[in-house]
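The exercises that follow are meant to be worked with the sequence and the model side by side. Please try each task before reading its solution.

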Amino acid sequence: MPTINSRSSPVRLICIFFAPAIGCAAALPHPALEPAPGSPLPVAATCVAAGDFNGDHHPDLLVTVGNRLETFLGDGSGRFKSAPDRDLDMGERASEIVVGDVNADGVLDAVTADHDRYPVSVFLGDGKGGFAAAPGSPFWPKHGDHPHTHGLIVCDVNNDKIPDVVTANSADGDIAVMLGDGHGHFAPAARALFPCGRSPYPIAAADLNGDGNLDILVPNSEPGVRTLTVLLGDGTGAFTPAPGGPIPTAGNAYFVATGDLNGDGHPDAVLSHNEDDLATVLLNDGHGRLRPSPASPLRLGNRGWYIVITDFDHDGKADLICATERSVRVFAGDGRGGFAANPPVTPSGGRGCWKLAVADLNGDGTPDVATPNVESHDLTILLSRRPSEAPRH
């Protein structure tokens, strides 16, 4: 069992997101995942994010290793060197990382947080794969006596088209909101703290009720609680609990992902569980009310951690890619909120596979996967392969 499951461990992940479908929507034979040449890399990664950090149109990987922020530049083949191309001393550890353009210069930046601290650090990209601390960083979303950051997302919560930051504070039972100024600086909103339930874990944002404002989904991971809190946004950066909440889940909620699971245009949700191998699947009625799918709960086959929703096989239906401690499992969706049993299981090549970065690393139009293995202290790269393709060596 990964040591990061401990409530006292310094390790925790990102923003959960709906990964966009890559390539055409025509149905193709279901791809499989297999290790890239040289995988796993001897990189003691805690978190990983993918993006084009040097402007060459090939996805790169940004990895936190202790107090280092390391960039591994991709060449479009899916292969990465075992040593970083860029390396920055952050001055602190990071257990959460999100990438986005926070200063509107067209270059991806990085936002990080640490399990044992309240502040959020911002590192501005130079367009060549390097990063430097933003002026004034780190930024404090709140102060308190029990820092326990278990969630970080970057999104526009006040509709000014400028990225903002939301953190989940597990020991305090709240989320904290910081608003961005468009130059890489963040400050707490006028009303910044919002109660959300017991032991919030990694959060997600989506417009659940179709009012044009982002809402926040918060898994409450306290054993026995078994709920998801939905906080409805008002478009100014403030939030209120959704009527009728919190929403019951089939187990102790852990990680949450959002995306349209049944093709009705409304964001739905999937939550992995902390103490069993199931996941709760919730469908949105279009008014922001989430109800269990007829296929819920979904059996993952092992305890799940991070989940990404994407159309993996290009059939126009949402699939799930799940990290399950020592493997990555792909669940094919039926377009109605159900998922195939007995999914393809790809060993991570390490122990403690808990977080996923999904991107087309080798340019074949199908998502690939990178995952840090926090117990075996290495980084796995998994490339998708169609059944007709020859295995990679």
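**Exercise 1: Prolines and peptide bonds**

P297 is found in the loop between strand 22 and strand 23 (298–299), where strands are DSSP runs of E of at least two residues, numbered from the N terminus. The model is a predicted one, in which local features need pLDDT of at least 70 and side-chain atom pairs count only at pLDDT 80 or more, while totals for chains, interfaces and linings use all residues. Residues are numbered from 1 along each chain as its sequence is written, and side-chain values use heavy atoms, with hydrogens and water left out.

Task: Determine whether the peptide bond between S296 and P297 is cis or trans, and then do likewise for the bond from S137 to P138.

Solution. Step one is to read omega for the bond that joins S296 and P297, which is about 0°, and the bond is cis. Step two turns to the bond from S137 to P138, where omega is near 10° and the bond is cis. Step three places P138 in the loop between strand 9 (131–133) and strand 10 (149–155).

**Exercise 2: Positive phi outside glycine**

Task: For S199, state phi and decide whether the residue is buried or exposed; then treat N342 in the same manner, beginning from its phi.

Solution. Begin with S199, which has a positive phi of about 55° although it is not a glycine, and which sits in the loop between strand 13 (186–195) and strand 14 (204–206). Its relative accessibility is 11%, so S199 counts as buried, given that buried means under 20% relative accessible area, exposed over 50%, and partly exposed in between (1.4 Å probe, protein chains only). Continue with N342, likewise not a glycine, whose phi is positive at about 50°, and whose place is the loop between strand 26 and strand 27 (345–347). The relative accessible area of N342 is 75%, and therefore this residue is exposed.

**Exercise 3: The nonpolar cores**

Task: Describe the largest nonpolar core, saying which residues have the most contacts inside it, and list what V369 touches.

Solution. A nonpolar core is a set of buried Ala, Val, Leu, Ile, Met, Phe, Trp, Tyr and Cys residues joined through side-chain atoms within 4.5 Å. The largest such core has 30 residues, and those with the most contacts inside it are I321, V328, L356 and V369. At least two residues of this core come from each of strand 2 (47–51), strand 19 (253–259), strand 25 (319–323) and strand 26 (327–331). Apart from it lies another core, of 17 residues, which includes F80, L361, L379 and L383. For V369, set aside residues up to four places away in sequence; it then touches L33, I321, V328, L356, A357, V358, L361, T380, I381 and L382, a contact being heavy atoms within 4.5 Å.

**Exercise 4: Two strand residues**

Task: Place V122 and A32 in their strands, and say how far A32 is from F239 between C-alpha atoms.

Solution. V122 is found in strand 8 (residues 120–125), and at 0% relative accessibility this residue counts as buried. With neighbours up to four places away left out, V122 touches residues including V102, A110, F139 and F186. The C-alpha atoms of V122 and G304 are separated by 29 Å, with their positions 182 residues apart along the chain. A32, by comparison, belongs to strand 1 (residues 32–35) and is partly exposed, with a relative accessible area of 33%. Beyond its neighbours within four places in sequence, A32 is in contact with L383, S384 and R385. A32 and F239 are 207 residues apart along the chain, and their C-alpha atoms are separated by 41 Å.

**Exercise 5: The chain as a whole**

Task: State how many helices and strands the protein chain has, and what share of its residues count as buried.

Solution. The protein chain has zero helices, a helix being a DSSP run of H or I of at least four residues, and it has 30 strands. Of its 393 residues, 60% count as buried. Among contacts with a separation of 6 or more, 50% are between residues 24 or more positions apart. Along the principal axes, the C-alpha atoms fill a box of roughly 55 × 50 × 35 Å.
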